[in-house]
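Work through the exercises below with the sequence and the model in view, and try each task before reading its solution.

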Amino acid sequence: MSVDKESGRDKKVGSQNYKGFVAGVFSGVAKLTVGHPFDTIKVRLQTSDTTRFSGPLQCLLLTVRKEGIAGLYKGATPPLVGWMFMDSIMLGSLTFYRKLLHQTLFNPNRMYDSPSSFARRDNLSPSQISKLPTLGHAMAGVMAGATVSFIAAPVEHIKARLQIQYSSKKSERLYKGPIDCARKIYTHHGIRGIYHGLSATLLFRSFFFFWWGSYDIFSRLLATHSTLSTPAINFWAGGLSAQVFWITSYPSDVVKQRIMTDPLAGGLGDREKRFATWREAARTVYRENGVRGYWRGFVPCFLRAFPANAMALVAFEGVMRALP
């Protein structure tokens, strides 16, 4: 009888982990649909100087005038496929790491066995016993960010190179599309070329600590102090926590984009490589535009963050609730 119960429990845990990965696919699609045009403007501002675009509005108008609405969705194919996998891996692994931390580091029973007076069970409220604390959510976010970086790095690398091809004529572009871009980079630089910018991606996604920590804080506050429905709480908490994430992480994203769009040289014929290290890229940003350089393109990013991530988390939480 106990064997049957144990087997049923294992199946339930496996089902719960599976739901996180499936829900992540829907999250990725929602995020791309709402957010990619904003992302194109952001990347173009981050990787250009003021002689090309004076600001986000001019960048938007010039892009639409010269390349049409389709210009705003340049490089959308990699994230369309990639974000489905990225959000699936990120949110699926986030769900897994939350459970792992709750069962290990933040397990109330293990805390009770600790000699520390702070770990006594009578110091824990019922909600603390049954729920992972905010620090646990933040730590799970960092772990999920590191995990997904190994998929995100090549996807974002190829996306960024496609987004900075300004010509409306395909014949004048170095890369015809995402597959051609990946093939050419791999031919001349191998797998290291495809993963160009991985370390910058890992650093950038370490700021998921603030995203998922604040998401838990906002969710608890809204659940306690408002009469909002669960989807509405997911929407507002998702949007607000995304703003917190971008405010804390944006300078590192600027440096990451500089590295990812830096010429690879070799046989590609895309000019000489400029940055040998992350620090060198960061110094160049400062030398060119001072502290303001680390915030170039922030406005479209900030405008994008709320709706794109709010809808993504509504999709994720909704599918998580809907799946059996």
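## Exercises on the fold and an enclosed space

**Exercise 1.** Determine what share of the residues in the chain is buried, and describe the secondary structure around them.

Solution. In this predicted model, buried residues, those under 20% relative accessible area, make up 48% of the 324 residues in the chain. Turning to secondary structure, the chain holds 12 helices and 0 strands, so that reading along the sequence gives the pattern α-α-α-α-α-α-α-α-α-α-α-α.

**Exercise 2.** Characterise the contacts and the accessible surface of the chain.

Solution. Begin with the contacts between residues at least 6 apart in sequence, of which 79% join residues at least 24 apart. Then take the accessible surface, which comes to about 16300 Å², with 64% of that area belonging to carbon and sulfur atoms.

**Exercise 3.** Find how many cavities of 30 Å³ or more are counted, and work out which helices and residues line the second largest cavity.

Solution. The count comes to 2 cavities of 30 Å³ or more, and the second largest cavity encloses about 40 Å³ of space. Its lining consists of S27, K31, D87, M90, L91, W211, W212, N309, A312 and L313. Placing these residues on the helices, one finds that α1 (2–46), α3 (77–103), α9 (208–225) and α12 (298–322) each supply at least two residues of the lining. Sorting the lining residues by character, as a last step, gives 6 nonpolar, 2 polar and 2 charged.

How values were computed
Residues are numbered from 1 along each chain as its sequence is written. This is a predicted model: local features need pLDDT of at least 70, side-chain atom pairs count only at pLDDT 80 or more; totals for chains, interfaces and linings use all residues. Side-chain values use heavy atoms; hydrogens and water are left out. Helices (H or I, at least four residues) and strands (E, at least two) are DSSP runs, numbered from the N terminus. Buried means under 20% relative accessible area, exposed over 50%, partly exposed in between (1.4 Å probe, protein chains only). Contact means heavy atoms within 4.5 Å. Accessible areas come from the Shrake-Rupley method with a 1.4 Å probe; for residues, only the protein chains shown count as cover. On a 1 Å grid over the protein atoms alone, a cavity is a set of points where a 1.4 Å probe fits but cannot get out, and a pocket is an open set with protein on both sides within 12 Å along at least five of seven lines; lining residues have an atom within 4 Å of a point. Grid points are joined across faces, edges and corners, and a volume is the space filled by probe spheres set on the points. Ala, Val, Leu, Ile, Met, Phe, Trp, Tyr, Cys and Pro count as nonpolar, Asp, Glu, Lys and Arg as charged, and the others, Gly among them, as polar.
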